[in-house]
Amino acid sequence: VTGTATETDMATVTIGAGTITATGGLLVVAAGTATNVGGGSKVARLYLGATTVATVTRTGANAQDWIIVAWCFNTAAAAQRWAIYRATDDATTLTIDYITSAIDTASAATLKVSGDLSDATDTITQTMMDVFIVQIT
């Protein structure tokens, strides 16, 4: 994403209805780079449906890599527990989160990574996104 200060999808995948069962889950690994020209904030976000699961923000004046590793476990078809690790390569923004969500995985949902710039001359890229479906019995 460059040349715009509007949040833009960088990667999307549709998780089909019922793919994540009531006791299933996801492992998502997304990574990329943020480069600085204008000095504004560079933000990568992970969504499942309309829910923001994780956010990585870089405001430094130099290029940085970013990564989000998110484990999602259903405790019911519409109740998730998330363990999230997110960081940039300067290691000062390493954050570990535990959150909950209420996304109905019996219905299809879009999993996506977006990029958002406060200065359109900066750049944020998504260079990988891997999604693993986990079945827990």
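Strands are taken here as DSSP runs of at least two residues, numbered from the N terminus, and by this assignment A77 falls in the loop between β5 (64-76) and β6. The structure described is a predicted model, and the overall architecture is set out before individual residues are considered.

The secondary structure of the protein chain amounts to nine strands and zero helices, so that, read along the sequence, the pattern is β-β-β-β-β-β-β-β-β. The radius of gyration of the protein chain is 15 Å, close to the 14 Å that the globule rule gives for 137 residues, and the chain is therefore as compact as a globular protein of that length. Taken along the principal axes, the box filled by the C-alpha atoms is roughly 50 × 25 × 20 Å. Of the 137 residues in the protein chain, 40% are buried. When contacts between residues at least 6 apart in sequence are considered, 70% of them join residues at least 24 apart.

With regard to the surface, the protein chain exposes about 6200 Å², of which 56% is supplied by carbon and sulfur atoms. The charged side chains comprise 6 positive and 11 negative groups, and the centres of these two sets lie 5 Å apart.

The loop residue A77 has a relative accessible area of 30% and is classed as partly exposed, because this value lies between the 20% limit for buried residues and the 50% limit for exposed ones. Leaving aside residues up to four places away in sequence, A77 touches A22 as well as I103, D104, T105 and A106. One of these partners, I103, is 26 residues from A77 along the chain, and the two C-alpha atoms are separated by 7.8 Å.

Y85 lies in strand β6, which spans residues 79-88, and with a relative accessible area of 40% this tyrosine is likewise partly exposed. When residues up to four places away in sequence are not counted, Y85 is in contact with I67, I68 and V69, and also with T95 and I96. The contacts with I67, I68 and V69 connect Y85 to strand β5, since that strand covers residues 64-76. By C-alpha position, Y85 and L111 are 17 Å apart in space, with a sequence separation of 26 residues.

The count of aromatic pairs in the model comes to one. This pair is formed by W71 and F73, whose ring centres are 5.5 Å apart and whose planes differ by 5 degrees, and the arrangement is stacked because the angle is under 30 degrees. Both partners are partly exposed, W71 with a relative accessibility of 31% and F73 with a relative accessibility of 30%.

Two polar residues located in strands were also examined. Q126 is placed in strand β9 (residues 123-135) and, with a relative accessible area of 19%, is counted as buried because the value is under 20%. The contacts of Q126, not counting residues up to four places away in sequence, are with M10, A11, A31, G32, W66 and V113. Q126 and D65 are 61 residues apart along the chain, while their C-alpha atoms are separated by 9.6 Å.

R58 belongs to strand β4, which covers residues 51-58, and this arginine is also buried, with a relative accessible area of 12%. The C-alpha atom of R58 is separated by 19 Å from that of M129, a residue 71 places away along the chain.

Terms used:
Residues are numbered from 1 along each chain as its sequence is written. This is a predicted model: local features need pLDDT of at least 70, side-chain atom pairs count only at pLDDT 80 or more; totals for chains, interfaces and linings use all residues. Side-chain values use heavy atoms; hydrogens and water are left out. Helices (H or I, at least four residues) and strands (E, at least two) are DSSP runs, numbered from the N terminus. The radius of gyration is taken over C-alpha atoms; the globule rule is 2.2 Å times the number of residues to the power 0.38. Buried means under 20% relative accessible area, exposed over 50%, partly exposed in between (1.4 Å probe, protein chains only). Contact means heavy atoms within 4.5 Å. Accessible areas come from the Shrake-Rupley method with a 1.4 Å probe; for residues, only the protein chains shown count as cover. Lys and Arg count as positive and Asp and Glu as negative; His and the chain ends are not counted. The place of a charge is taken as NZ of Lys, CZ of Arg, CG of Asp or CD of Glu. Rings of Phe, Tyr and Trp (its six-membered ring) pair if their centres lie within 6.5 Å; planes under 30 degrees apart count as stacked, over 60 as edge-to-face and the rest as tilted.
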